[in-house]
Amino acid sequence: MADDRNRRRFSDPRAAAEAAFRAATSPKPAAPPQQAAPRPAAAPPGAREVVSLRLDSAVLAHFQKDGPGWQDRINAALKALVPADQD
């Protein structure tokens, strides 16, 4: 019971309720305007980019059967299909 006597109580419950209401409903500071995301720099010619690509399992197995370097082999096969004037 000694703890109950040590608790701080407001002398005017109405004033306490109004203070709590004002604190809960006071206008919040405005958020700063969001800036547009910076545009990524264009990749230099010949640079590689990380992509996610869905391939048929038979195609993937064909390129992986010779071991490491299968991604380079897929890149070379696709590059052979690109016309020379688009390099």
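Biologist: Is the crossing of H3 and H4 left-handed or right-handed?

Modeller: The model is a predicted one. In this model, helix H3 spans residues 57-64 and helix H4 spans residues 70-81. The two helices pack with their axes 8 Å apart, and their crossing is right-handed.

Biologist: How are H3 and H4 oriented to each other?

Modeller: H3 and H4 pack at an angle of about 110 degrees. Angles of 65 to 115 degrees count as roughly perpendicular. The two helices, H3 and H4, are therefore roughly perpendicular to each other.

Biologist: Which residues in H4 does H3 meet?

Modeller: On the H3 side, the contact is made by Leu60, Phe63 and Gln64. By class, the contact of H3 with H4 has five nonpolar, one polar and one charged residues. The residues met in H4 are Trp70, Arg73, Ile74 and Ala77.

Biologist: Which element gives the largest share of the lining of the largest pocket?

Modeller: The largest pocket has a volume of about 670 Å³, and 19 residues line this pocket. Seven of the lining residues come from one element, and that largest share belongs to H4.

Biologist: Which residues that line the largest pocket are the closest to its centre?

Modeller: The lining of the largest pocket comprises 11 nonpolar, three polar and five charged residues. Of the lining residues, the closest to the centre of the pocket are Arg48, Glu49, Val51, Gln71 and Asn75.

Technical notes. Residues numbered from 1 in each chain as written. Predicted model: local features only at pLDDT ≥ 70, side-chain atom pairs only at ≥ 80, totals over all residues. Heavy atoms only, no water. Axes fitted to C-alpha atoms, helices over the stretch in contact; angles between N-to-C directions. Helix = DSSP H or I, 4+ residues; strand = E, 2+ residues; numbered from the N terminus. Parallel < 35°, antiparallel > 145°, perpendicular 65-115°, else oblique. Left-handed = near helix turned anticlockwise from the far one by under 90°. Contact = heavy atoms within 4.5 Å. Nonpolar A, V, L, I, M, F, W, Y, C, P; charged D, E, K, R; others polar. 1 Å grid on protein atoms, 1.4 Å probe; cavity = no way out; pocket = protein on both sides within 12 Å on 5 of 7 lines; lining within 4 Å. Points joined across faces, edges and corners; volume = space filled by probe spheres on them.
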